[in-house]
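Hi everyone, thanks for coming along. I'd like to walk you through a structure that may be new to you, so please have a look at it with me.

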Amino acid sequence: MMTLSSGVASGMRPYLMAFVLGLSGRLFALEQIPDALQRTDVLVITGILLMVDFAADKIAFLDSFWDQLHTVIRPVAGGAIGYLVGGQTDTTSAIVMAVLGAGAALGVHTTKATARAAVNVSPEPVSNALVSVGEDVAVVVIAVLTVVLPVVAGILALVMLAAGLYLAYRIHRAYRNLRSRLAEARARRAAGNA
């Protein structure tokens, strides 16, 4: 369950998930947290990247560029964390956990990027920041639950992943319908002018 929930969190804030896991492992001596995440250099780098990620995500349209840049990074981070968590048992488990973490991160990243692109075109300036803060809160809750109550975090991650994928599907479908209506309106206008 730790792999699934950390994969979901990595789909939104990979640096936060790596930082929370590493810091928790170091402060509380948790055996299930891999030593690689607890290293000082990893904590410093993920802490700095976390601050950059946090700031970039609050600025409309910069967040869409940031999401495009992270289309590869977030799934890789989810897979890497899954591999590290699963690697403590055996190689087969590590590979399965890596695929699970990467798949969960990719699903959440797809939802996040789709929803944020839709929010960016809304006319009011507040929605982008509110959505970003909501994402921050959701990821912090999942990250903390991943360490404290991994089963609860896993269940919550599954619910979030399913809801998010459904939301991305609905946004994509609405966009496709809007495009077809606009094309029909243009065709009617062109026929009327002829």
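Let me start with a question: what volume does the largest pocket have? In this model, which is a predicted one, the answer is about 240 Å³.

So who sits around that space? The lining of the largest pocket is made up of 16 residues, and those closest to its centre are Met12, Val108, Thr111, Met160 and Gly164. If you would rather think in elements, helix 6 (91-120), helix 7 and helix 8 each give two or more residues to the lining. Sorted by class, the lining has 11 nonpolar, 3 polar and 2 charged residues.

Now let's step back to the chain as a whole. You can count 8 helices and 0 strands in it, so to speak an α-α-α-α-α-α-α-α order when you read from the N terminus on. Taken along the principal axes, the C-alpha atoms of the chain fill a box of roughly 75 × 35 × 25 Å.

Next, please find helix 1, at residues 2-10. I'd like to show you two of its contacts. A quick word on the language here: two packed helices are described by the angle between their axes and the distance between the axes.

The first partner on my list is helix 7, residues 126-148. The two axes come within 9 Å and cross at roughly 160°. An angle over 145 degrees counts as roughly antiparallel, and that makes helix 1 roughly antiparallel to helix 7. The crossing of this pair is left-handed. Which residues make the contact? From helix 1 they are Met2, Ser5, Ser6, Val8 and Ala9, and from helix 7 they are Val139, Ile142 and Thr146. By class, that contact has 5 nonpolar, 3 polar and no charged residues.

The other partner is helix 8, residues 150-193. Here the axes of helix 1 and helix 8 are 8 Å apart, and the packing angle is about 45°. Helix 1 and helix 8 are therefore oblique to each other. Helix 1 passes helix 8 in a left-handed crossing. On the helix 1 side you will find Met2, Leu4, Ser5 and Val8, which meet Pro150, Ala153, Gly154, Ala157, Leu158 and Leu161 of helix 8. This contact has 8 nonpolar, 2 polar and no charged residues by class.

Met2, Ser5 and Val8 are worth finding on your screen, since you have now heard them in the contact with helix 7 and in the contact with helix 8. Thanks for listening!

How values were computed:
Residues numbered from 1 in each chain as written. Predicted model: local features only at pLDDT ≥ 70, side-chain atom pairs only at ≥ 80, totals over all residues. Heavy atoms only, no water. Axes fitted to C-alpha atoms, helices over the stretch in contact; angles between N-to-C directions. Helix = DSSP H or I, 4+ residues; strand = E, 2+ residues; numbered from the N terminus. Parallel < 35°, antiparallel > 145°, perpendicular 65-115°, else oblique. Left-handed = near helix turned anticlockwise from the far one by under 90°. Contact = heavy atoms within 4.5 Å. Nonpolar A, V, L, I, M, F, W, Y, C, P; charged D, E, K, R; others polar. 1 Å grid on protein atoms, 1.4 Å probe; cavity = no way out; pocket = protein on both sides within 12 Å on 5 of 7 lines; lining within 4 Å. Points joined across faces, edges and corners; volume = space filled by probe spheres on them.
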